[in-house]
Amino acid sequence: MVAAGRARQDDDRLRALFDAARDVFGAPEAAEAAARLRQCAAVCEDYADRVFTALHEPPPATDHDAAAPETSRATPREALGGGR
């Protein structure tokens, strides 16, 4: 998933920029900014998980599909090599 890789790179760049700004300017609001950055990352991760699920969710089952076995699906984090 190319978009997930780009989003991860953007997140890494944003964190690096935040760390550099905090180190250079001594940002008195650094703790609050770090908490907000973590919140944003969590919201983005949740969104990516929901999009991945929606894109890979099977269509609604019909009577004909009732005997089909359920397949296991990896979350975006698992697909990128991370755990749950």
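Start with helix H2 and the residues it tucks away: Ala30, Ala34, Leu37, Ala41, Glu45 and Phe52 are buried there. Keep in mind as you look that this is a predicted model. Across the protein's 84 residues, 12% count as buried. H2 itself runs over residues 30–56. How far apart are its end C-alpha atoms? They are 39 Å apart, and that agrees with the 39 Å that 27 residues should span at 1.5 Å a residue.

Now step back to the whole chain. The protein has three helices and zero strands, and reading along the sequence gives you the pattern α-α-α. How much can you lean on each part? The average pLDDT for the protein is 76, with 70% of the residues scoring at least 70. Confidence is highest in H2, at 87, and lowest in helix H3 (residues 76–79), where the mean is 68. Where pLDDT is low, the predicted coordinates should not be read in detail. With that in mind, let's go back to H2.

Which residues pair up in salt bridges? The structure holds two of these. One joins the side chains of Glu32 and Arg36, with 2.8 Å from N to O. Both of these residues lie in H2, four residues apart, or about one turn of the helix. The other links Arg50 with Asp46, and here the closest N and O atoms are 3.0 Å apart. Arg50 and Asp46 also sit in H2, again with a spacing of four residues, about one turn. An α-helix has 3.6 residues a turn, so residues three or four places apart point the same way.

It's worth checking how open these partners are to the outside. Arg36 is exposed, at 52% relative accessibility, while Glu32 is partly exposed at 40%. In the other bridge, Arg50 counts as exposed, with a relative accessible area of 51%, and Asp46 is partly exposed at 40%.

Next, the cysteines. How many disulfides does a search of the whole structure find? The search finds zero. A disulfide is a covalent bond between the sulfur atoms of two cysteines. Take Cys40: the closest cysteine sulfur belongs to Cys44 and is 6.6 Å away, so the two are too far apart for a bond. The cut-off for a disulfide is a pair of sulfur atoms within 2.5 Å. Seen from the other side, Cys44 is in no disulfide either, with the sulfur of Cys40 as its nearest. As for their surroundings, Cys40 is partly exposed, with a relative accessible area of 46%, and Cys44 is exposed at 52%.

Finally, look at the outside of the protein. About 7000 Å² is exposed, and carbon and sulfur atoms supply 59% of that area. Which residues make a nonpolar surface patch? Tyr47, Val51 and Leu55 do, and their patch covers about 310 Å². Leu55 belongs to H2. Is Leu55 buried or exposed? Leu55 is exposed, with a relative accessible area of 60%. Compare that with Phe52, which is one of the buried residues of H2.

Notes:
Residues numbered from 1 in each chain as written. Predicted model: local features only at pLDDT ≥ 70, side-chain atom pairs only at ≥ 80, totals over all residues. Heavy atoms only, no water. Helix = DSSP H or I, 4+ residues; strand = E, 2+ residues; numbered from the N terminus. Buried < 20%, exposed > 50% of the residue type's maximum accessible area, 1.4 Å probe, protein only. Areas by Shrake-Rupley, 256 points an atom, 1.4 Å probe, with all protein chains shown as cover. Patch = residues over 30% accessible without salt bridge, like charges linked within 9 Å, V, L, I, M, F, W, Y side chains within 5 Å. Salt bridge = Lys/Arg side-chain N within 4 Å of Asp/Glu carboxyl O. Expected span 1.5 Å × (residues − 1). pLDDT = per-residue confidence, 0-100.
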